[in-house]
Amino acid sequence: MGPKRIQWSEPPIWVCCGFSEGDGSVAWYKDDAYLTRTSSSHEWWSTTYDAGAVAPVSGIYRCPGCGKEIAHNQDEKLPPQNHHQHSDDRGKVRWRLLVRSNTKGE
Ligand SMILES: [Zn+2]
């Protein structure tokens with residue numbers, strides 16, 4: 001999906017590949033046979049990571065400020081603060097685990 005104008009504001013806010021929080025921002029999937037809801041209380045599910053922090057697991061991470069999502073590998077640094085732009089009211093770019101990848105085929 002290309003850039004999409006999501007809000008009539010000055011200046012306009014443009015995002016790639018997602019919607020802003022508050023607009024029903026969610027990820028999509030087709031076949032729920034391959035996704036499992038977890039009740040795990042592991043800290044990677046509840047931690048919001050700073051830009052540039054090392055990702056604890058591979059998966060899809062979401063910026064809570066704007067809903068932008070990325071696919072990212074374990075042990076690599078999450079994208080930096082200048083990865084994308086926020087209006088002031090959205091705070092800093094940070095990352096929260098949304099979907100953990102099953103990289104070992106377990
Ligand atoms: Zn963001």
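This dialogue goes through a predicted model, from its confidence and overall layout to its sheet, its core and two single residues.

Reader: How is confidence spread over the protein chain, and where is it lowest?

Author: Start with the average: the mean pLDDT of the protein chain is 84, and 76% of its residues reach 70 or more. Confidence is lowest in strand β2 (residues 14-16), with a mean of 46, and highest in β3, with a mean of 98. Over residues 7-23 the pLDDT is below 50, although this stretch has 31 contacts in the model beyond near neighbours in sequence.

Reader: Which secondary structure elements does the protein chain have, and what pattern do they follow?

Author: The protein chain has one helix and six strands. Along the sequence they follow the pattern β-β-α-β-β-β-β.

Reader: What is the order of the strands in the open sheet?

Author: The general idea first. Strands of a sheet pair through backbone hydrogen bonds, either parallel or antiparallel. Here, four strands form an open sheet in the order β3-β6-β4-β5, and the pairing is antiparallel. β3 (48-50) and β5 (69-72) are at the edges with a single partner strand each, so one side of each has no neighbour in the sheet. From one strand to the next, the twist averages 40°.

Reader: Over how many bridges does β3 pair with strand β6?

Author: β3 and β6 (residues 94-100) are joined in the antiparallel sense over three bridges. Two residue pairs can be looked up in the model. Tyr 49 has Trp 95 of β6 as its bridge partner, and Thr 48 has Arg 96 of β6.

Reader: And over how many bridges does strand β4 pair with β6?

Author: Strand β4 (residues 59-62) pairs with β6 over four bridges, in the antiparallel sense. Within β6, Arg 100 is the residue opposite Gly 59.

Reader: How much of the protein chain counts as buried?

Author: Of its 106 residues, 10% count as buried. The largest nonpolar core has six residues: Tyr 61, Cys 63, Cys 66, Val 93, Trp 95 and Leu 97. Cys 63 illustrates the contacts of a core member: leaving out residues up to four places away in sequence, Cys 63 touches Lys 68, Val 93, Arg 94 and Trp 95.

Reader: What share of the contacts joins residues 24 or more positions apart?

Author: Among contacts in the protein chain with a separation of 6 or more, 55% are between residues 24 or more positions apart.

Reader: Which residues does Leu 98 contact, leaving aside its neighbours within four places in sequence?

Author: Leu 98 is found in strand β6. Its contacts, with those neighbours left aside, are Ala 27, Ile 60, Tyr 61, Arg 62 and Glu 69. The C-alpha atoms of Leu 98 and Ala 71 are separated by 9.8 Å, and the two residues are 27 apart along the chain.

Reader: Why is Leu 98 classed as partly exposed?

Author: Leu 98 has 15 other C-beta atoms within 10 Å, so it is partly exposed; the buried class begins at 20 and the exposed class ends at 12.

Reader: What is the phi of Asp 75?

Author: The general idea is a matter of sign. Most residues other than glycine have a negative phi. Asp 75 is not a glycine, yet has a positive phi of about 70°. Asp 75 is found in the loop between β5 and β6.

Reader: Is Asp 75 buried or exposed?

Author: Asp 75 has 9 other C-beta atoms within 10 Å, so it is exposed.

Definitions and conventions
Residues are numbered from 1 along each chain as its sequence is written. This is a predicted model: local features need pLDDT of at least 70, side-chain atom pairs count only at pLDDT 80 or more; totals for chains, interfaces and linings use all residues. Two strands pair if DSSP finds at least two bridges between them. Helices (H or I, at least four residues) and strands (E, at least two) are DSSP runs, numbered from the N terminus. Axes are lines fitted to C-alpha atoms, for helices over the stretch in contact, and angles run from 0 to 180 degrees between N-to-C directions. A nonpolar core is a set of buried Ala, Val, Leu, Ile, Met, Phe, Trp, Tyr and Cys residues joined through C-beta atoms within 7 Å. Two residues are in contact if their C-beta atoms, placed from the backbone, lie within 7 Å. pLDDT is the predictor's confidence in each residue, from 0 to 100.
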